[in-house]
Structures are given as structure tokens and as C-alpha cells.
Amino acid sequence: MATIRDVAKLAGVSVATVSRVLNQNGYVNEDTEKRVRKAIEQLNYKPNEVARTLFKKTSKTIGLIVPDISNPFFPELVRAVEDVMNIYDYTVILCNSDEKNEKEKQYIEVLKQKYVDGIILTTTELAMEEVLELDVPVVILDRPSMPAFPSVVADNYGGARLATRHLYDIGCRKIAHIQGPPHVVNAMQRFSGYRDEMQSLGLWDENLIIQGNYQLKQAKEATLQALKEYQVDGIFAGNDAMAVGALKAVQQLGLRVPEDVAIIGYDGIPLTEMTTPELSTISQPIYEMGAIAARILVKQIEGKPLEQIHYMLPVELIERQSTRREKR
Ligand code: RIB
């Protein structure tokens with residue numbers, strides 16, 4: 001494999017001149033540049049990326065930190081980020097934080113050492129100072145945490161009100177909410193939407209809050225418990241995985257969905273179409289969220305102005321069998 005020395009020798013110039021041509025910095029006269037480029041072509045010389053990264057302190061890579069790629073919400077989000085970054089010639093390094101601050105901090109260190117050009121964060125664990133220290137452009141995605149940085153989220157509060165109201169409209173009056181992790185901002189926004197809608201309907205009862213931690217299994221166990229204690233006739237789950245857990249719990253107790261207990265989830269992942277009955281959900285524009293975040297990051301890396309800093313995308317009610325009752 002040809003080296004930079006071979007190129008310099010063939011072009012009859014110094015290694016420093018070849019390096020100036022490659023990195024487009026410093027003056028090189030036109031004829032010399034042509035000779036160097038010809039030598040590069042003849043020898044099929046490929047510059048060593050590690051060396052280039054160290055020299056330029058940029059790597060054409062970005063970091064993407066998500067809580068857990070095995071949660072079915074995240075693959076589509078990650079795919080969108082990768083698709084858009086690839087268009088601009090960037091590679092994406094994916095990191096799973098497992099919602100742990102320690103892991104996030106470790107990944108941040110690794111990403112810094114790799115001279116990533118920017119980072120997309122889907123997390124609420126990091127403190128503002130930790131992110132400010134990064135010294136590269138950052139975009140916050142899906143989980144709003146630090147207003148100081150550009151962000152792309154969906155309307156969590158409005159979506160939760162929509163879900164709760166939908167259950168009311170089909171006749172539910174004892175509507176339980178399966179909550180996501182209390183430290184995750186979008187989980188709390190969904191909780192607030194549910195609470196405010198229940199209060200305005202005169203139905204608020206704090207006993208109807210179930211902790212599901214955005215986890216299918218935990219939601220199932222907690223729902224089994226709640227259904228034994230309270231006469232619930234509707235469930236709004238803070239994500240689709242927990243809605244599947246709730247469905248399993250309701251069916252395990254021999255109750256019918258939607259006749260005895262109607263269920264609606266949140267996210268709009270494909271899994272909701274594969275259950276029996278199919279699950280209603282509040283659908284987030286997952287792909288669009290990831291794509292917009294990636295575009296904003298590229299603009300920041302390239303030093304271009306942003307037309308908008310914070311994006312809040314609308315969500316949509318998808319009505320399926322799990323809430324298809326006569327409206328009252
Ligand atoms: O399902 C996982 C949840 O975490 C989603 O609702 C998404 O918004 C994310 O933050």
C-alpha cells in the first residue's frame with residue numbers, strides 16, 4: 001500500500017507539501033498541486049484516517065447516545081440519524097447509556113478522544129455543565145432536558161391529553177396511567193398531560209397511577225396488581241412497550257379488551273399492529289425527529305445559522321381495536 005512518502009517521491013516534492021495538499025491548508029502552487037494529485041491517483045494512495053483525524057482534530061463522525069436500542073422506539077430514530085448523516089458523509093457511533101449517568105460520562109470521554117464532530121443526545125442523565133464541557137455541537141433529541149441546546153421533541157403533553165380524552169370519549173371513567181421513569185422528562189410531561197385532562201374531566205384519582213418505568217415486564221406486573229385493587233376501565237400507557245405489558249395483564253385476568261378495559265399506548269411502533277387486539281396509540285413522528293436532529297447537527301458543525309432552535313413536532317391519535325368501542 002502506498003504511503004505519503006511514495007506520493008512525495010513520485011511528485012518530486014516534500015512530505016509536508018503533500019500534507020498541505022491533502023489538508024487544503026497553506027500555500028501550494030497550482031503546478032505542484034497538480035503533480036501531487038496525479039501521484040495520489042497513480043499510486044491509488046488512501047490517506048490514513050487516524051493520522052488525518054489527529055492532525056485536523058475532526059473525524060467526520062458523530063456520537064449518538066440513546067438509552068437502549070433494544071427498546072423498539074429507538075431503532076427507527078437511530079436509522080433516521082444515520083441516513084441523514086450518511087448523506088453528508090458522516091459516520092455515526094452509537095452508544096447505549098442504559099439510563100446510567102456513569103455510562104454516559106464514559107461514552108462522552110470516548111467520543112471526545114475520537115474527535116467526533118458533534119453529538120446527539122437522547123438522555124436526561126447528564127448535567128448541563130457536563131454537556132457544556134463537550135466543546136462540540138450538541139443536539140438534544142426526544143427527551144428535552146437542557147433548553148440551552150437545540151432540541152427536537154414531540155408534543156408529549158398534548159399527546160397525553162389526547163390519549164386520555166380518547167379513552168373518556170369511548171366511555172371510560174376509571175382511567176389509569178402507566179408512567180415512565182420519574183426522572184425522564186418526557187415521561188413526566190405525559191403524566192402532566194394525563195393529570196390535567198383527568199382533572200378537567202373531574203375524574204382525577206392519584207390511586208390510578210401505575211409505575212411501569214417504560215418496561216414491558218414491569219408494566220405487566222404493576223398492572224396486574226392495580227387491576228386487583230381498583231376497578232379500572234381504561235389504561236393510558238406512557239409508551240407502547242408498557243401498553244403491551246398492560247394488554248397481557250388484562251388478558252391474564254380474563255378481562256376483555258376493549259369491552260372491559262380499553263388500552264392506548266404511546267410511540268406508534270410497529271409492534272402495536274401485531275398484538276391481538278391491535279393497540280391504539282399516540283404516534284410520534286419518530287423518523288422525522290431523528291432526521292431533523294441530524295440536519296441541525298450538520299448545520300452547527302458547518303457553522304451555518306439555524307432557522308429554528310427548538311422543534312416540537314405534532315403527534316397523532318391512531319385508533320385501533322383496543323379502544324374501538326361505541327363513542328359516548
Ligand atoms: O419507548 C421509549 C420512550 O422513551 C419513548 O416514548 C420515547 O419518547 C423515549 O423517550
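Tutor: A cavity is a set of points, on a 1 Å grid over the protein atoms alone, where a 1.4 Å probe fits but cannot get out; its lining residues have an atom within 4 Å of a point. This is a predicted model, in which local features need pLDDT of at least 70 and side-chain atom pairs count only at pLDDT 80 or more, while totals for chains, interfaces and linings use all residues. Residues are numbered from 1 along each chain as its sequence is written, and side-chain values use heavy atoms, with hydrogens and water left out.

Student: How many cavities of 30 Å³ or more does a search of the whole structure find?

Tutor: Rolling a probe the size of a water molecule over the atoms shows where empty space is left. Here the search returns 1 cavity of 30 Å³ or more. The largest cavity holds about 70 Å³ of space, a volume being the space filled by probe spheres set on the points.

Student: Which residues line the largest cavity?

Tutor: The lining consists of N71, F73, F74, D142, R143, N186, R190, Y214, N239, D267 and Q284. By class, 3 are nonpolar, 4 polar and 4 charged.

Student: Where does the ligand sit?

Tutor: A molecule sits in a cavity if more than half of its atoms lie within 2 Å of the grid points. By that criterion, the ligand occupies the largest cavity.

Student: Which side chains have an N or O atom close to an oxygen atom of the ligand?

Tutor: A polar contact is a pair of N or O atoms within 3.5 Å. For the side chain of D267, the distance to a ligand oxygen is 2.5 Å; for R143 it is 2.7 Å, and for N239, 2.9 Å. Taken alone, the ligand exposes 280 Å², and the protein buries 100% of that, with areas from the Shrake-Rupley method and a 1.4 Å probe.

Student: How should the domains be read?

Tutor: Their bounds come from an automatic or database domain assignment. The chain is divided into domain 1 (4–56), domain 2 (61–154 + 286–314) and domain 3 (156–284 + 317–323). The centres of domain 1 and domain 3, taken over C-alpha atoms, are 61 Å apart. Because domain 2 and domain 3 both give residues to the lining of the largest cavity, that cavity lies between them.

Definitions and conventions. Polar contact = N/O pair within 3.5 Å; in protein donor to acceptor, adjacent residues only side chain to side chain. 1 Å grid on protein atoms, 1.4 Å probe; cavity = no way out; pocket = protein on both sides within 12 Å on 5 of 7 lines; lining within 4 Å. Nonpolar A, V, L, I, M, F, W, Y, C, P; charged D, E, K, R; others polar.
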